[in-house]
Amino acid sequence: MNDKSIRKIVIVGGGTAGWMAAAPLAQKLGRASARPCEIVLIESPEIGTIGVGEATLPTIRYYNHALNLDGADFVKKTQATFKLGIEFKDWGRVGHRFFHGFGDFGARIENRSPVMHWLRLQRAGGMASYEDWSTSSVMARQNRFTPPQGDTPSAANAYSFAFHFDAGLYAAYLRDYAMQRGATRIEGTIVDVELRPEDGFVAAVKLRDGRRVDGDLFIDCSGFRGLLIEGAMKAGYDDWSAVLPCNSALAVPSERVPKLTPYTTSTARTAGWQWRIPLQHRTGNGHVYCSQFTTDDEAARVLLEGLDSEALDTPRQLRFTTGRRRKQWSKNVVALGLAAGFIEPLESTSIQFIMDGVGRLIEQFPDRDFHPGLAAEFNRQMLFQYESIRDFIVMHYKLTQRTDSEFWRYCAAMPIPDTLQHQIELFRSSGRVAILDPNGFAEPSWQSMLLGLGVMPRSYDPFVDQIDESALRTHFARVRTAIANTVAGMPDQADYINRHVKADPVAAPVAMVAPAAELARSLP
């Protein structure tokens, strides 16, 4: 570090985004570092966080591991359960279900995906569902869970997993971690942002009680409002409502049920979809919908009637506009979480954006000169990622075969980005998957969703015909049997949790959801 090194980082906003930023920064730049940097997080008691049951992707494990968190302690303290993927019900068509599992469909055969070989055999007849060759999918059907076992590739480790956890408890867990390493927390409400007259950089934020908090680097985790990135930096916002039309959500916790499913459930409704996230102490539920195609009262009725346990509260509402900031790093302000953008939670990507944002900030970490090339590279990577994940989510809606509501008819007819159109048509014509973002959703995820939504390729890679069909069928049968036998020996998820990572009972009220009026003021 030189004499121009960052001396003070100010994080505006707490919640999951704020403390996920503070934790790794405190680890690397806190009191134990060679040249400590002051890290201050400001959160307001007047502005609630969107604290709901949160579903994640497997990469959350790498984030936790990088912080050296104790895995069992994390699960207990956040009331977490394990997630093998997402079950989709009534997507594509009513009465249909399929599973997007974490992991692949087995080892590649002659450098071709096993799904490509399955397409060949399926066309010839006599093949079971492709999901039978996904260990995570078979585990999910039977509510089984145990961590992957062994190093030699086998059915016992041919899958990955993530977590469901209480977002409010996770934020508190990371808050303790960060503060133990030197981060400080200020409680207060920001009423003004002071800019440097010479260059427009943020110099300080002013609190309602008169305090002034200065800094070198400001991280905006203020939610949809974008207090710094939009309010001060005027970064601009790309509105993606035309292809992601849902703009409202209702969230409500319900009682815990004995059957702990190791997956998130997404059930399509007439004007959107409903989530179900099982936690150890309760179940998180929500209804994401488009207000142009239904009313709030009807959406609440659909949500409550779709619960499988008694509601613990009245549904709380959230309004949003899908899209992203045109710049997520502007001058000395970096936006993370909802302040940076929002793509609805259909594939549990919100925390992924936070992790990748803080990771890229650390990779491109500036000094007080703030070389513009660092911000440009950060923005290039983040904006590309947002577009990639946008396309993956849009695919869920575009490929519907449902005609039972105006909402689904709109989705089927809406124009989509050329990048996504290319990916769909390539798979439909040849069974091949175009991976435009190597850091995004991998080939098995695209295969699961495309096949699950009813896109059956017209052809397949001719190279797979080089393998003897009888030998190939024998191989597939052997793998399918190995998966079935391995899963049969695994414990039920509830049993595994009770034996190894059972959380203490929670007496505190369920996590708070911000009042609708406050959230409305937070819109971009």
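## A small enclosed space

The second largest cavity has a volume of about 40 Å³. This is a predicted model, and it holds two cavities of 30 Å³ or more.

Which residues line the second largest cavity? They are R269, T270, A271, G272, H287, T294, E298 and V302. Sorted by class, this lining has two nonpolar, four polar and two charged residues.

## How sure is the model?

The protein chain has a mean pLDDT of 94. A pLDDT of 70 or more is reached by 95% of its residues.

One stretch needs care. Over residues 508-524, pLDDT stays under 50. For this stretch, the model has 36 contacts beyond four places in sequence.

## The second largest pocket

Now turn from cavities to pockets. The second largest pocket holds about 940 Å³ of space. Its lining is made of 36 residues, and the closest to the pocket centre are P58, T59, Y62, Q352 and M355. Several elements give two or more residues to this lining: α1 (15-29), α2 (60-66), β6 (97-101), α8, α9 (372-398) and α12 (443-452).

Which element gives the most to the lining? Helix α8 does, with eight residues. By class, the pocket lining has 17 nonpolar, 13 polar and six charged residues.

## Helix α8

Helix α8 covers residues 350-363, which is 14 residues. What span should it have at 1.5 Å a residue? The expected span is 20 Å, because the count used is one less than the number of residues. The end C-alpha atoms of α8 are 20 Å apart, so the model agrees with the expected value.

Which residues of α8 are buried? They are I351, Q352, F353, I354, M355, G357, V358, R360 and L361. Two of these names, Q352 and M355, also appear among the residues closest to the centre of the second largest pocket.

## Two residues with positive phi

Most residues other than glycine have a negative phi. Two residues here go the other way. Phi of N143 is near 60 degrees, a positive value. Phi of K331 is also positive, near 60 degrees. Neither N143 nor K331 is a glycine.

Both sit in loops. N143 lies in the loop between α5 (135-141) and β7 (162-166). K331 is found in the loop between β20 (329-330) and β21 (333-335).

Is N143 buried or exposed? N143 is buried, because its relative accessible area of 9% is under the 20% cut-off. K331 has 40% relative accessibility, so it counts as partly exposed, between the cut-offs of 20% and 50%.

## G92, a buried glycine

G92 lies in the loop between β5 (85-89) and β6. Its relative accessible area is 3%, so G92 is buried.

What does G92 touch beyond four places in sequence? The residues are T400, Q401, R402 and L453. G92 and Q421 are 329 residues apart along the chain, and their C-alpha atoms are separated by 17 Å.

## D418, an exposed residue

D418 is in helix α11, which covers residues 418-430. Its relative accessibility is 69%, which is over 50%, so D418 counts as exposed.

D391 is 27 residues from D418 along the chain. The C-alpha atoms of the two are separated by 9.6 Å.

Notes
Residues are numbered from 1 along each chain as its sequence is written. This is a predicted model: local features need pLDDT of at least 70, side-chain atom pairs count only at pLDDT 80 or more; totals for chains, interfaces and linings use all residues. Side-chain values use heavy atoms; hydrogens and water are left out. pLDDT is the predictor's confidence in each residue, from 0 to 100. Contact means heavy atoms within 4.5 Å. On a 1 Å grid over the protein atoms alone, a cavity is a set of points where a 1.4 Å probe fits but cannot get out, and a pocket is an open set with protein on both sides within 12 Å along at least five of seven lines; lining residues have an atom within 4 Å of a point. Grid points are joined across faces, edges and corners, and a volume is the space filled by probe spheres set on the points. Ala, Val, Leu, Ile, Met, Phe, Trp, Tyr, Cys and Pro count as nonpolar, Asp, Glu, Lys and Arg as charged, and the others, Gly among them, as polar. Helices (H or I, at least four residues) and strands (E, at least two) are DSSP runs, numbered from the N terminus. Buried means under 20% relative accessible area, exposed over 50%, partly exposed in between (1.4 Å probe, protein chains only).
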